[in-house]
Structures are given as C-alpha cells and as structure tokens.
Amino acid sequence: MSKTVYDYMDWPGIEAVVYGEETAPRDVMGPRLTPDGVLIQGFFPEARSAVVAVGRKKYEMELEDEAGYYAVLIPGRKIPDYEFQVELEKETKKFKDAYAFGGLLTEEDERAFLGGVYYEAYKKMGAHPMTMDGVAGTHFAVWAPNAIRVSVVGEFNNWDGRVLPMHKMPMSGIFELFVPGVKPGAAYRYEIKAKGDVILQKADPYGNRTQPAPVWNSVVAEVAGFQWTDGKWMADRKKYDDRKQPVSIYETSLGQWKEGKELIAFAKEQGYTHVELHPVMEFLEEDSDGYPTSAYFAVSTRYGTLAEFAALVDGLHREEIGVILDWSPAQFPRYAGGLEKFDGTPLYEVKEPNMAVHPMWGTMLYNYDSPMVKDFLISNACFWLEVFHVDGLRMDDVDAMLYLDYGRKDGWTPNLYGSNENLHAIEFLKHLNSIVKKRDPGALLIAQEDGLWPELTDSVENDHIGFDYKWSGGWTRDFLFYLSVDPILRKNYHDQLTLSTLYAYSEHYILTFGSRDVGSLEAFMAKLPGDEKQKLAQVKAAYSYMMVHPGCKMMAPGAEMPEGLSKCIQALNAIYKSSPALYQMDDEYDGFEWIQLMKYEENVITFLRKTEKPEETLLVICNFAAVPHENYQVGVPFAGKYKEIFNSDAAEFGGEGVVNARAKSAKAEEFDEREHSIKVKLPALGVSIFSCTPGKTPAKKKVTAAKAVKTTKDKNAGKLVKAARTKVAKKVEAATEKAAKKTEIVEKKAATNKPVKEEKSAKAEEAVKAEKKEKAIK
C-alpha cells in the first residue's frame, strides 16, 4: 500500500462507505487533485482487481481495504477522462466513475421542495436519461431524509446495494446520483438502509415506468421527445374556465379498448366533448381498476408505452375531445416497495398510526401536513396536465381527505378546534386547485365527494376549496331509485325526480351515469321494471333526462350497445352541444323554469331550459309513466311555433315512433297558468324536446259587456251568464261555469276577460272591472 495514497484518503469516510453508512459518497470517492497527482478511488466488492484506463494508458489500482475499496494516484494536473475496468469472477466490467459527475438539483430546487412549491419536481426527481459532461447515463433522485444510506441498484450493478450509494443533499434530504451508462429500459430500485440496520427495497416514487405487475421494479424511461400536434386545442381549452361550455363526458377504462384509435373513433362518433379515463397510472391489483396507484408518474404497462399514451391524447385533441384522468390523491396502497415507511419512518403517510389507515380500503392516507408530500402530489398533477396535455383530473375519494372521521365511528383525532375537518387537507386542496388554474387554464378539477361540504366548487379567492365541478351523487341516487320503482307506484316518489332542482345551483355539478353508478347496460336494465323493450325505453329516457337537466353530463354506455341506443346518444350529444339553453345558464336559476311540476299522478314533468334569448328556449316533456298520451296539453311560454327536435321514442332509436312530426302552433288557450298552450303526442316512458320560435301574440277581440243572469241549471252558485257575440266570449262563458266550484278562478276569469270599449276613460274601466268582479262573486 502506497503511503502517499494512504495519506490522501479520507479513512473515516471510507469506513462509512464500506459499512454502508456514508451519506456524502461524492465527497469521499470523487476524483480530486493532489500535489502528487490525481487520486481516483472506487468501491468494488467481490472484485479480483481494478484498473483505471485513461485513453490507452492503464493504471493498476491498489486494494486499500479488504472489503473491496481500491485507489490509485495517477500523474497529471487536471482530472482526465477515465473509466474503471473491474475484473470479477466471471466477467470484466468497464464503466465510468459515477462520483466524477456533479448533481442536478440546486439549492433553489431544495428550498422550493421544502416549501411545497417545487411544482416541476418531476423534471429532476426520479430517473432521467441525459448526457452529462458529454457522457450518456441516467440521473437518479429520491427523497428519503431519515435514511442512513440510499443506493440505486439494478442489473447495471448486479443489484448490489453496497455500490453506487447516492449523495445526500443535507438541506432537503434528497439523495441524487448520476450513473453513467444506464440507458432507458434499465430496471432499478432504491435500496434504503434505515435506522436499526433495516434494509428496504423501494420503487421510485417519481419513476416514469415500471415492469409489468405484479413486479414493481421501476424502469428508466424517456418522457420527452413526443411531437405534439394539438397546439390549437391547448390554446383554446381555456374557454372551459367560464363554466358556460357544454361538457359531455364519456367514462371508460383503457383496458376496454384494443387500441387508442378505437376509443377516438367511438368518442367522436357519439359526440362527446371529453373522455374520462380510469387511472392510467401504474397499479398492482388487477381487480382494482387502477385506483390504488402504485406509481404516480408512470403509465401502466397494461396500456402501452408513454409515447402511445401521448399519441392517444394527441389524437383525441385533434378531434376536439378533451381528456380527464381519474386521480387518487387521497390514499396509496400498502406493499413492500411502496410509499409506506419509505425511509423507515412515516414519510408520506399520516404519522399517527390510528389515523394513517383508510378505514374502508385499508390503504394509507397521505400526510397533508408535510410540504414535501403536498409537493409530490401537486407536481404529479402538473406532470399529467403539462407533460401529457391532459385536460382535467377527477379526484377520487375526496371525502376521505376532508373529514377526519370519515368511515370511523370512534378512534379518530379531532383538529385543533375540536371538529372533524382535516385542516391540512383543506389547505392542500386549495393550494393544488389555485396552482393548477394559474398554470393550466381550462383544466377541469372535479371532486368525487359524497358528503355535504358547503360550496366545494366556489373559488379559493372566496376562501373555498376551488373545484370546478362536483359529482352529483345525490341526483344519481334519487333518480335511479325513482326509475327502479314500478311506473304505477312512481307517483308516490315524485319528489325523488324533482328534488334535485332545489339544490342544482348550490354547486357546479356533473350528473353521473358512470360505470360505478349503473354498471354495464345489462346491469342498468336489470335495475328497471318492465319487459325488455320497456327497460330499454327507460334507459333512453334516463339519458335524455340527464341531458336536459341542469349540470354537466357523464355516462359510460359501451360500444356494444344496441344501434338504436347509440343513435339516441349521438342525437342527445348533438342537441346538447348545439343548444345554448342546455349549458349557457347551467348555474343560474333563470336558466330553468318549471311548467308542470306536480303532475305526479301522471308521472309527467314539463319544464323550460332558457337563455336570455327567447328564441333559444327549449320545452322539455318527460313521461315516466308506461302509458302514452295522444293529445297531451301543456302550457307554453309564449305564442309561436313549437317543433319537436328530439323524441327518445323515435323509430330510429328503436322506439314505438310516438312522435310529433309537425310543428305545433300555440293556441291562445290558457293552461298550466299560462296564456298559451299546445297539444302533443307523448310517448310512454319517453322524453320529448321542442324548440320554441316566438310569434306575434294575436290581438284580443273586443266584446260587449255581458249581463249576469241566473239559470235553472245553477241556482245555488249564481252562475254568471254573458251575452257573447264572439268565440272569445263563448270560451269565457265556459270558463265561468267551472268557476262556480272555484271562486278564485271565477275572479280571475271575470277580471281578465272584461269587455271594454276603447272610448272609455281609465276611471270608467276601473268601474267596469269592479262591477264585473262583484257580479262574479255573487
């Protein structure tokens, strides 16, 4: 052993390297200049010999420690380009010295990470193939502040955690290392030595690829490089921020499609504005459909490569279809290589053991009190929105985030005010939503929250959480219950159909008929009464009612549905997107108006969807009874023509064809407390939509004053008899006959239909009005 070499070596540091406890191996083993030349060191357990090669020159390294620590002092006044040649029992390996390269993260990055504002952490955390100082390799970075030592292991070092210990950044607890020669496709893990000499093997929390489940090894992947063609879509999507755009979402899983092109063609043909994908992130449990996410920054190997997923998003955007991802920021699964006790301590999860486990799923709940954990989740949201151009996130299980006692009868710890709100989760969601809206205008943030959290979709500026939309679980449950009742008995549950309009404007809702709500078409039909044809009619009526009800839409009928139902949904989406009345004032009371609310005996409701332009008004009639109506009368908002533009019972949709082929002209016949009405055909178990074209109100004809006389037919009521000279007067007479039983109607008719001559003064008119009212009452 050369005494000169010995004297230049950091022996306490070398001992820490050998025993696997060194947190700053770059400081110990990195090449450095000395007055006697360049000192180069390396730790090669199991090596028989080691050589430093500089060009064609080779310098034999001395074994300085029997554990396999080698060193050599070579001549020169600057550090040369060199490589190791290490002879093992069965092979000789050649590789560059990892400790000859610097790190990637800066102190500014560390400070942002510790502050929870390192929104682009995904660019440096994890594994990133790159060229550093002219050498190709991969930079690794992982957060494990309480670890004694972290090493990156893989086939490139025989999965040996003794070599390639990573360099710890003391401010943040991030370990990083650039490993030359490691290429995309290389599998790897982090070996973590925790306190108590516990050795852990962990997947990369920021990893962009994994091996196929159930193996959870991370894989080095190249994320950048895809050539996007959706510039126009990305520039235009900010329009969705005003919440006055049609949003019709098709919910699906990528596992249901052989290739992305099939999904793109289906969504385009059906006319959806967005698709919502069940989690595309990697997951281990096959039956979970992806919700317990095991690798947040990786596309599941089940769904192809990163480039294939990017191509799917790009293809949907070219067809003007947005992409929403289901996302799980509430909990993560428990498995050996997962986030639980990542560095031997509760790092990502809630620190209190009794509060750390999800009471329903047995998964781990995130610690939103940690800025670094919040940063992990926010940067993950930014990753999908910015790297893969997705257009929204539907956050799963928000209830479990907001309520400390969610799913717990006892054994929960209240907040500092003694209540059940998770204050840390509230601040996290506010932070997340506000940052996403600033960085990615037009991205939709959707909450699946079945509690009663107030004003969930109000802005962060108003001190609320700031979601764009909330799933309307209440509407879905009530409506499905109503549909499950036999039509004969539905009159007893009419409020289940109409109650939603009382709270429709308390939040910005997405009405859901998704897979978890109704299941497959077969499962949906099984919930409904009647024969097969009636069941299918009710499915079409259900989708139709959802489309005309205030709120955005989400459904999940599969590509195998009958042709008639497919055409029905296509027509509904076309009407929805082309009718401002169905979305422009979706969050305003003035955008909806009841005409028939209480026809519960008939199982019929009638209402208007409106904008500020009368000509954009739509009249909707829903018949949830099993009997049709040939001449159903309904009040209308004004004189004009009413043309049926959709009927769920149309023959082309597989229905009976009880439709209104011709436009209806409103008659000056009062009905539903409106001056005009029409009579239409109403299909059984069907929904009809009419466009409304205002017309001129006919001028009222003049009639002379009528005298009231008593007849033998109605002595008790003192019926008012009018001497009528026109058809209008005759109608008034018929109306006043009914008024004998209802004094209020008599008063209204007498006051409304008073015959007045043009030449009378205002005072004379009032006198006539009073006289007529008095006669009517008598």
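Student: How many salt bridges does the structure hold?
Tutor: This is a predicted model, and it holds 37 salt bridges. Let's go through a few of them.

Student: What makes D7 and K3 a salt bridge?
Tutor: The rule asks for a side-chain nitrogen of Lys or Arg within 4 Å of a carboxyl oxygen of Asp or Glu. In D7 and K3 the closest N and O atoms are 2.9 Å apart, so the pair passes the 4 Å test. As for the background, side chains of opposite charge can pair when their charged atoms come close.

Student: Where do D7 and K3 sit relative to each other?
Tutor: Both are in helix α1, residues 3-8, and because they are four residues apart there, about one helical turn separates them.

Student: Why is K3 called exposed, and D7 partly exposed?
Tutor: Exposed means over 50% relative accessible area, buried means under 20%, and partly exposed is in between. K3 has 59%, so it counts as exposed. D7 has 49%, so it falls in the in-between class, partly exposed.

Student: And the pair E449 and K470: what makes that one count?
Tutor: Their closest N and O atoms are 3.0 Å apart, and the limit is 4 Å, so it's a salt bridge too. E449 lies in the loop between β25 (444-447) and β26 (469-471), while K470 is in strand β26, so the pair ties together parts that are 21 residues apart in sequence.

Student: Are E449 and K470 buried or exposed, and how do you know?
Tutor: Set their values against the cut-off for buried, under 20%. E449 has a relative accessible area of 1%, so it is buried. K470 has 7%, so K470 is buried as well.

Student: What about K491 and E601: how do you know they form a salt bridge?
Tutor: The N to O distance is 3.7 Å. That is within 4 Å, so the pair counts. It links distant parts of the chain, 110 residues apart: K491 is in the loop between α12 and α13, and E601 is in the loop between β29 (592-599) and β30 (604-609).

Student: Which exposure class does each of K491 and E601 get?
Tutor: K491, at 35%, is between 20% and 50%, so it's partly exposed. E601, at 53%, is over 50%, so it's exposed.

Student: Which residues are linked in a network of salt bridges?
Tutor: E276, D326, R394, D396 and R516.

Student: Now the surface. Why is I488 called exposed?
Tutor: Its relative accessibility is 66%, and the cut-off is over 50%, so it counts as exposed. I488 lies in the loop between α12 (473-484) and α13 (494-498). Together with F481, L489 and Y493, I488 makes a nonpolar surface patch of about 390 Å².

Student: What makes an empty space a cavity and not a pocket?
Tutor: In a cavity a 1.4 Å probe fits but cannot get out, whereas a pocket is open. The structure holds six cavities of 30 Å³ or more, and the largest has a volume of about 100 Å³. The largest cavity is lined by 13 residues, with Y469, H508, Y509, G551 and D586 nearest its centre.

Student: How is the lining of the second largest pocket made up?
Tutor: That pocket has a volume of about 680 Å³. Of its 30 lining residues, K93, F95, F156, N157 and V163 are the closest to its centre. By class, the lining has 17 nonpolar, six polar and seven charged residues. β8 gives the most to this lining, with four residues.

Conventions: Residues numbered from 1 in each chain as written. Predicted model: local features only at pLDDT ≥ 70, side-chain atom pairs only at ≥ 80, totals over all residues. Heavy atoms only, no water. Patch = residues over 30% accessible without salt bridge, like charges linked within 9 Å, V, L, I, M, F, W, Y side chains within 5 Å. Areas by Shrake-Rupley, 256 points an atom, 1.4 Å probe, with all protein chains shown as cover. Helix = DSSP H or I, 4+ residues; strand = E, 2+ residues; numbered from the N terminus. Buried < 20%, exposed > 50% of the residue type's maximum accessible area, 1.4 Å probe, protein only. 1 Å grid on protein atoms, 1.4 Å probe; cavity = no way out; pocket = protein on both sides within 12 Å on 5 of 7 lines; lining within 4 Å. Points joined across faces, edges and corners; volume = space filled by probe spheres on them. Nonpolar A, V, L, I, M, F, W, Y, C, P; charged D, E, K, R; others polar.
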